[in-house]
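Here's a walk through one protein model, written for someone who would rather be at the bench. Have the structure open while you read.

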Amino acid sequence: MFARRTLHQAVKANNAFRATAAVQKQLMPSRIIAQRLYSAATATPAPLDASKIQINPSKNLKPLQENSKLVFGKTFSDNMLIVEWEAGKGWGTPQISEYGKIHLEPSAVVFHYSFECFEGMKAYKDKQGRIRLFRPDMNMKRFSRSAQRIALPGFEQEELIKCIEQLLKVDERWIPNERGYSLYLRPTMIGTQESLGVGASNKAMIFVIASPVGPYFPTGFAAVNLLATTERVRAWPGGTGDAKVGGNYAPCIKPQLDANKQGFQQNLWLFGEDHQVTEVGTMNCFMFWTNEQGEKELVTPELDGQILPGVTRDSILTLARQWGEFKVTERRFTMHDVAKASKEGRIHEMFGAGTACIVCPIKNINYDGQDLKIPLDPSDTTSQAGPLTKRLNNAILDIQYGEVEGPAGWSVLVK
Ligand SMILES: *Cc1c(COP(=O)(O)O)cnc(C)c1O
């Protein structure tokens with residue numbers, strides 16, 4: 001009741017403010033308007049500025065984990081990066097300090113209305129011991145877009161990369177130096193305004209934490225068995241499926257647990273009456289097949305607003321197009337297409353794609369109570385991944401670890 005009254009009062013106050021502002025605007029002489037515009041212009045909110053960074057590294061260095069013992073997202077490095085923002089003032093001083101708890105009031109909007117978005121990216125050590133990032137500009141662009149989708153502030157993307165590079169230098173010993181191992185980075189933005197009013201947050205915080213990780217498949221690929229899910233949807237037209245906002249993820253866990261209970265590792269998310277294929281768990285979905293026209297084609301759903309624009313997805317499309325050996329298409333396809341192609345033996349491989357695993361081979365899809373077997377490697381019955389899946393995985397690893405040059409700007413050296 002109290003919260004409701006507060007919300008009601010907030011709406012009323014906001015309406016009253018708008019009405020007054022509108023009247024004032026009508027009555028205000030143009031000279032005063034000009035003055036106000038001028039003073040607003042002089043008080044430009046501060047940009048995110050990496051040159052202001054303050055670094056107070058942790059003095060309690062934690063013991064490193066053995067590479068072979070790493071569990072995804074369980075161990076964190078010694079330090080973290082924090083930058084705070086306030087409406088009107090802009091971005092504050094970026095700070096690197098000891099990894100630890102953050103202090104927030106229970107009224108902070110992140111806890112009530114899911115003002116949260118995040119990124120997932122990795123830092124790698126190459127054979128010369130240099131630190132590398134993979135297409136960080138793509139992550140920063142998506143991070144800024146996700147933030148603005150939930151009315152959180154945008155930021156200077158290059159500057160945040162520079163701050164992250166500083167964190168990597170401070171926490172360099174946490175970057176494993178074995179191929180397949182890396183330091184997973186989790187840039188996160190939250191709304192921190194202390195208010196139950198439903199509106200844009202006037203305060204925000206970016207934090208970046210780092211976690212050493214091993215290969216997603218430590219003992220070689222393990223192809224997954226999917227449940228094509230029709231009872232629940234992950235994303236819908238006009239929703240937030242194309243933004244990496246926290247609100248997209250919690251609702252997908254129950255369907256995932258239900259799938260697990262029936263013996264499936266992941267949900268294959270569908271959409272619409274015609275059961276369009278959208279994503280696999282939290283990965284983009286690819287199918288390599290011979291299409292209805294008899295052409296070999298790598299196909300993935302187009303970015304129609306419901307698909308998360310994956311960096312791995314884009315990298316796979318770019319590489320496959322460069323190879324020029326088969327058709328590469330972004331378009332809708334349905335479970336009807338998959339089932340028909342499966343029956344006619346036209347599917348060669350299917351896989352999920354994302355930063356954590358790069359590629360994740362699919363061996364089976366249960367659709368409408370029927371198992372559709374998806375081929376792995378026809379030349380090796382023991383193999384858990386198809387030849388194209390393996391080739392894409394290696395091509396991307398080679399670039400990430402600086403063993404192959406790759407397209408300009410993909411592998412970024414941290415100096
Ligand atoms: C993060 C994510 C992906 C993969 O994106 P990458 O940039 O390749 O890691 C795909 N789908 C969903 C829903 C995601 O959250």
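What follows goes from the overall make-up to a few strands, then to some individual residues and the ligand shell.

**Ground rules**

This is a predicted model, so local features need pLDDT of at least 70 and side-chain atom pairs count only at pLDDT 80 or more, while totals for chains, interfaces and linings use all residues. Residues are numbered from 1 along each chain as its sequence is written.

**The big picture**

The protein comes to nine helices and 19 strands. Helices (H or I, at least four residues) and strands (E, at least two) are DSSP runs, numbered from the N terminus. Of the 415 residues, 39% count as buried. A residue is buried if 20 or more other C-beta atoms lie within 10 Å of its own, exposed if 12 or fewer, and partly exposed in between, with C-beta atoms placed from the backbone. As for contacts with a separation of 6 or more, 73% of them are between residues 24 or more positions apart. Two residues are in contact if their C-beta atoms, placed from the backbone, lie within 7 Å.

**Strands S16 and S17**

Strand S16 (residues 347-354) is mostly covered, with eight of its eight residues buried. S17 is mostly covered too, with eight of its ten residues buried. A hairpin of three residues joins S16 to S17. Strands count as paired if DSSP finds at least two bridges between them, and here are the pairings that involve these two:

| Pair | Sense | Bridges | One bridge partner pair |
|---|---|---|---|
| S13 (residues 283-290) and S16 | antiparallel | six bridges | Cys285 and Gly352 |
| S16 and S17 (residues 358-367) | antiparallel | four bridges | Ala353 and Val359 |
| S10 and S17 | parallel | four bridges | Asn225 and Asn364 |
| S17 and S18 (residues 370-373) | antiparallel | four bridges | Ile365 and Leu372 |

Phe351 also stands opposite Pro361 in S17. The hairpin of S17 and S18 has two residues between the strands, and Asp368 there takes a positive phi near 55°.

**The core**

Which residues have the most contacts inside the largest nonpolar core? They are Leu167, Leu226, Leu268, Phe286, Met287, Ile362 and Ile365, in a core of 90 residues. Domain 1 (50-213) and domain 2 (224-401) both give residues to this core, so it lies between them. A nonpolar core here is a set of buried Ala, Val, Leu, Ile, Met, Phe, Trp, Tyr and Cys residues joined through C-beta atoms within 7 Å, and the domain bounds come from an automatic or database domain assignment.

Take Ile362 from that list. Leaving aside its neighbours within four places in sequence, Ile362 is in contact with Ala223, Val224, Leu226, Val280, Met350, Phe351, Gly352 and Ile374.

**Lys244**

Lys244 carries the UniProt annotation "modified residue: N6-(pyridoxal phosphate)lysine", from an unreviewed entry. UniProt positions are given in the numbering used here, feature names are shortened, and annotations may be inferred rather than shown by experiment. You'll find Lys244 in the loop between strand S10 (224-229) and helix H6 (253-261). Is Lys244 buried or exposed? Lys244 is buried, because 25 other C-beta atoms lie within 10 Å. Beyond its neighbours within four places in sequence, Lys244 is in contact with Cys117, Phe118, Glu119, Arg142, Ser146 and Leu308.

**Around the ligand**

The ligand has 13 residues around it, and Gly310, Val311, Thr312, Gly354 and Thr355 come nearest. The elements giving two or more residues to this shell are S13 and helix H7 (311-323). H7 gives the most, with three residues. A residue is near a molecule or strand if its C-beta atom, placed from the backbone, lies within 6 Å of it.

**Two more spots to click on**

Val299 sits in strand S14 (residues 296-300) and counts as buried, because it has 21 C-beta neighbours inside 10 Å. Not counting residues up to four places away in sequence, Val299 touches Met287, Thr329, Arg331 and Phe333. Val299 and Met350 are 51 residues apart along the chain, with their C-alpha atoms separated by 9.6 Å.

Phe76 lies in the loop between strand S1 (54-56) and strand S2 (79-86). With 18 other C-beta atoms within 10 Å, Phe76 is partly exposed. Leaving aside its neighbours within four places in sequence, Phe76 is in contact with Tyr99, Ile209, Ala210 and Ser211. Phe76 and Lys62 are 14 residues apart in sequence and 9.2 Å apart in space, C-alpha to C-alpha.
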